[in-house]
Structures are given as structure tokens and as C-alpha cells.
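Student: Could we go through this one slowly, strand by strand? I'm still learning how to read these.

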Amino acid sequence: MNPTYFTPGTGEPAVTITRFAETQWHAVENGQVVGRGDASSRPDGRVFISVDAWHGAVFDQLAAAMVADLPTPLHTVVDEDDLDLTSRWQRVGFTTGRREWEYLVPTDPAVTGLSSAQPPSGVTIVPVGEAEHVPLRALDRAIRDEVEATVGWRRMPVEVLPRPDGVTVVDAAKYAVAVRAHRYVGMVRLAPVARQPRIGLIAIRADEHRRGIARSMLAQVLGALHRSGVTGARAEVDETNDAAMALFDGIGAQRTGCNLELVCR
């Protein structure tokens, strides 16, 4: 890779920016690495970049070099409250593409009000870790096709797990599912993070919407966490997903933060 050289300006450190690998950049000052830049591709094709630098001026130079080297659009994620970091990305051409709320979801049925949330007639809930892999993959593929045909996966949580081509569900042990007439119709993915698990996905087949399946799956998953001593779980929801926000707001989940996905086109 060809290095990009920067001449020190007023108040700026004398650094050399080098793209030393396809997805990695270094900023070097006096023989010492003072900043790193990385690019990664999501399964849907979006490229996300990040910068870790000791000085603000180095951050700006690294970010500018990466934007110059890579084809657009490029994406990055920032905490909405981090105004300094947001401004740095904006200075190299990024604007807000989407906003995502972070939730802390209680597990106690006395708080969520889910103790009475029974599955609709004919539907049973299979607990986390007991779903069968083949029908779960079929459900995952069907729901992905439905989402892509409507709102698109760009409106789903920004932390999409990387997966090999053609693979949908990697670890069936993380899923609870809803079943009707031997057919999987809904699923919840729960990442078993210590102390505070993360609800990574709640999805229902389009022809099963508005029947209370999501609430009954959450009742089972959150209730099991509560019985095991876990008091809360994390979740993220796109601000345009009115149904998901209503679901979490309705069970007493607290909004704890907001992330912005910035885009450089």
C-alpha cells in the first residue's frame, strides 16, 4: 500500500499516515504509532470505519486518509452524546444516516407486566437453547427475505453478526422460537453476555404479526432470565421501528442511550 504523507501545519503533529493492509491504517509520529484506523464489511455490504488516535489532529488526518482511500458510501457509529467525535466525522463528510435507541429491559414480570402474556391459541414457545437448527434456518431465511423486501436490513440493529456466505443461523442455542402447527413462525436471539444478556433480534413472520407472539416470546425469555437471577437485558431499536419501540416502552424498558450511524456518500 502507498503511504500518504502529511506536512505539519499550525499546531498539528508531524505524522505519516500509512495504509499497511487492505483494511488497516497507521499514523506514525517519531517512529511511534499514535493512531490506528480500521475498515470492516458487514454481511449486507456496508463498510464501517473506525479511528483510534491519541490526538484529535491525528484522528482528523487518519479519517481523511481513509475516506480518500475507500469507495463511498462509508459508515461509522458514534454515541449521540459524544459531540466532539461526531463533529470530527462530520468534518470529513459524514452525515446522520439513522438513529438507534439503546434499552435496558427489566426481566421481572412484576415490572414488565408479562406474567399474563400467554401465546395465542395454537402457538407454543420453545425456550432458548431448544430450537432445532433446520427449521430455525428456514425461518431466519424467510424473515430475512421479508425484511429485505420491505424496510431492508439497513434498518435493523447496526451490530449484525458477520457470517459466511449462505449461512444464516450460526448458533441455534441462542434462539427461542414460536411454533404453530409444527412451523417456526417467530424467534428471539439472546446473546448470553455475562450479567446483562443482549436481545439481538425479535422477528415474526409477516403473516403472524399482531397476534401477541412477540410479547409471549419475550415473556418466556425474560422470565427465564429473571428466574436465573438476571435483572436486566440490553436491546437496540431503530427509531423508525415504531412497533419495536412500542413493545419495549410498553414493558417498562428504559432508554439508556442513543447511537448514530453516520454515512459518508
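Tutor: Let us begin with a definition: two strands pair if DSSP finds at least two bridges between them. Please keep in mind that this is a predicted model.

Student: OK, so how many bridges join strand 9 to strand 10?

Tutor: Six bridges join strand 9, residues 175-180, to strand 10, and the two run antiparallel; among the facing residues, Arg180 has Arg183 in strand 10 as its bridge partner.

Student: And which residue takes a positive phi in that hairpin?

Tutor: That is Ala181, with a positive phi near 50 degrees, in a hairpin that has two residues between strand 9 and strand 10.

Student: What about strand 11, how does strand 10 pair with that?

Tutor: Strand 10 also pairs with strand 11, residues 198-204, in the antiparallel sense, over six bridges, and Ala191 stands opposite Arg198 of strand 11. Six residues lie between strand 10 and strand 11 in their hairpin, where Arg195 in the turn has a positive phi of about 70 degrees.

Student: Is strand 10 mostly covered or uncovered?

Tutor: Strand 10, which spans residues 183-191, is mostly covered, with seven of its nine residues buried.

Student: Switching topic: how many residues are in the largest nonpolar core?

Tutor: The largest nonpolar core has 31 residues, and those with the most contacts inside it include Tyr103, Val105 and Phe248. Strand 9, strand 10 and strand 11 are among the elements that give two or more residues to this core, while helix 5 gives the most, with eight residues.

Student: What is Val105 in contact with, further along the sequence?

Tutor: Leaving aside neighbours within four places in sequence, the contacts of Val105 include Leu222, Ala235, Phe248 and Ile251.

Terms used:
Residues are numbered from 1 along each chain as its sequence is written. This is a predicted model: local features need pLDDT of at least 70, side-chain atom pairs count only at pLDDT 80 or more; totals for chains, interfaces and linings use all residues. Side-chain values use heavy atoms; hydrogens and water are left out. Buried means under 20% relative accessible area, exposed over 50%, partly exposed in between (1.4 Å probe, protein chains only). Helices (H or I, at least four residues) and strands (E, at least two) are DSSP runs, numbered from the N terminus. A nonpolar core is a set of buried Ala, Val, Leu, Ile, Met, Phe, Trp, Tyr and Cys residues joined through side-chain atoms within 4.5 Å. Contact means heavy atoms within 4.5 Å.
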